[in-house]
Amino acid sequence: MKIKNYFLFAVLAVFATGFVTSCSENDLLDGVDDPARGDSTKDGLTDLSTTTFVLDFDGYGTDYSYPAGSDPYGVNEYGDNFYSTYSTPFIYYTDPESQLRFGINEGTATWTNPPYTSYEYYYGGIGLSRYNDLSDVTYTNQLSVYAGVNGIPGPGYGGSEGFAVVFGYSDQSNNIEAPYVIFADNKPADFVSMQVCNTVYTRDVILNGNKIENGQANSLPNTKGWFYIDITGYRLSGAPVTSRYYLADYGNQSGELNGIREGWNEVDLSAFTNVYKLEFSMGGSDNDPIYGLNTPAYFAMDNLTFKK
């Protein structure tokens, strides 16, 4: 059954011999029960209480409830701030089946008189993209992933068209919140995995340095630096579960990576069980005492998989 032209949900058979699914290339979220993947079964029948969902970010189309940018900066549809309260009606999207919600963070502009609150991408968030302009390494190309063939459609994981661009980290001094996905019904799920890739802009700064804040280019290879994603899973009770995944490591911090990750890489999320909120916060070795992280806090995400 197709949901709002974005989502694929399994139509489960009542016979032990199999099940039927409906599908569409424009779906964002696929949900399939599959005993071969370890989903719950009983008496040869698939247990309806457990469904495996795959968030593949392919369903932007022309529906402005959650569009992808019209260019790699999103200026035509989103204004200078990419996703914004003032340039697009989008704030967040909630899947009606799994209740997974993701979108743009809310923040308050304290430098205005009076201060005002709005949803802006520079406060952190998750936006959609389909771009891979590998030639433009500036911030105006913030939506491009470093994958595929330059400008050719299909830079997402496995050659898919769409993916997400995640931006932000926890930095109260600069009014930046970590981006996240959350279940609107507060019912937790077991996460399985996700695919991640460096963006074009972030990758270039990792390799060549960022001149914006300090006027000089201190690359991570030259400074033996690193750049990572801190992943935090929140539970209804008990301590959160955390994990750190390095997108670049020239300082032997990770113990398994020596350099920069290229292309799409799978992140194991199997430790994030019984989680209702999954938060992503970027960090690294190149920091400014006033402006915070010098490495652009972006990464591309695809095929976020969970069971609920």
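These questions and answers walk through a predicted model.

Me: In which order do the seven strands of the open sheet stand?
Reply: Strands of a sheet pair through backbone hydrogen bonds, either parallel or antiparallel. In this open sheet the pairing is antiparallel. The order is β8-β9-β14-β20-β16-β17-β18.

Me: Which strands stand at the edges of that sheet, and why is one side of each left without a neighbour?
Reply: An edge strand here has a single partner strand, so one side is left without a neighbour in the sheet. Two strands fit that description: β8 (92-94) and β18 (259-260).

Me: How many bridges join β16 to β17?
Reply: Strand β16 covers residues 226-234, and strand β17 covers residues 241-249. They run antiparallel. One bridge pair is F227 with A248 in β17. The number of bridges is eight.

Me: Which residue in the turn between β16 and β17 has a positive phi?
Reply: The two strands form a hairpin, with six residues between them. One residue in that turn has a positive phi of about 90 degrees. That residue is G238.

Me: Which residue in β18 does A248 stand opposite?
Reply: A248 is the bridge partner of F227, and it lies in β17. Strand β17 also pairs with β18, in the antiparallel sense over two bridges. In β18, A248 stands opposite I260.

Me: What is the bridge partner of L100 in β14?
Reply: Strand β9 (residues 100-103) pairs with strand β14 (residues 180-183). The sense is antiparallel, over three bridges. For L100, the partner in β14 is F183.

Me: Is Y92 buried, partly exposed or exposed?
Reply: Y92 is found in strand β8. Its contacts beyond four places in sequence are R101, F102 and G103. The relative accessible area of Y92 is 42%. Buried means under 20% and exposed means over 50%, so a value in between counts as partly exposed.

Me: How far apart in space are Y92 and Y119, C-alpha to C-alpha?
Reply: Both residues help line the second largest pocket. In sequence they are 27 residues apart. In space, C-alpha to C-alpha, the distance is 9.6 Å.

Me: Which element gives the largest share of the lining of the second largest pocket?
Reply: This pocket has a volume of about 180 Å³. Its lining includes R101, F102, G103, Y180 and I182. The elements that give two or more residues to it are β9 and β14. The largest share, three residues, comes from β9.

Me: How many residues in the lining of the second largest pocket are nonpolar?
Reply: The lining includes residues such as Y92, I104, N105 and E106. Two lining residues are polar and two are charged. The nonpolar count is six.

Me: Which residues have the most contacts inside the largest nonpolar core?
Reply: In soluble globular proteins, nonpolar side chains tend to be buried together. The largest nonpolar core here has 56 residues. Its largest share, six residues, comes from strand β23 (residues 298-307). The residues with the most contacts inside this core are F191 and L278.

Me: Which residue of L278's contacts lies in β23?
Reply: L278 touches several residues beyond four places in sequence, including P179, F191, I231 and L269. Strand β23 covers residues 298-307. The contact of L278 within that range is L304.

Me: Is T199 buried or exposed?
Reply: T199 lies in the loop between β15 (190-197) and α2 (200-208). It touches residues far along the chain numbering, among them S144, V165 and F299. Its relative accessible area is 0%, so T199 is buried.

Definitions and conventions. Residues are numbered from 1 along each chain as its sequence is written. This is a predicted model: local features need pLDDT of at least 70, side-chain atom pairs count only at pLDDT 80 or more; totals for chains, interfaces and linings use all residues. Side-chain values use heavy atoms; hydrogens and water are left out. Helices (H or I, at least four residues) and strands (E, at least two) are DSSP runs, numbered from the N terminus. Buried means under 20% relative accessible area, exposed over 50%, partly exposed in between (1.4 Å probe, protein chains only). Contact means heavy atoms within 4.5 Å. Two strands pair if DSSP finds at least two bridges between them. On a 1 Å grid over the protein atoms alone, a cavity is a set of points where a 1.4 Å probe fits but cannot get out, and a pocket is an open set with protein on both sides within 12 Å along at least five of seven lines; lining residues have an atom within 4 Å of a point. Grid points are joined across faces, edges and corners, and a volume is the space filled by probe spheres set on the points. Ala, Val, Leu, Ile, Met, Phe, Trp, Tyr, Cys and Pro count as nonpolar, Asp, Glu, Lys and Arg as charged, and the others, Gly among them, as polar. A nonpolar core is a set of buried Ala, Val, Leu, Ile, Met, Phe, Trp, Tyr and Cys residues joined through side-chain atoms within 4.5 Å.
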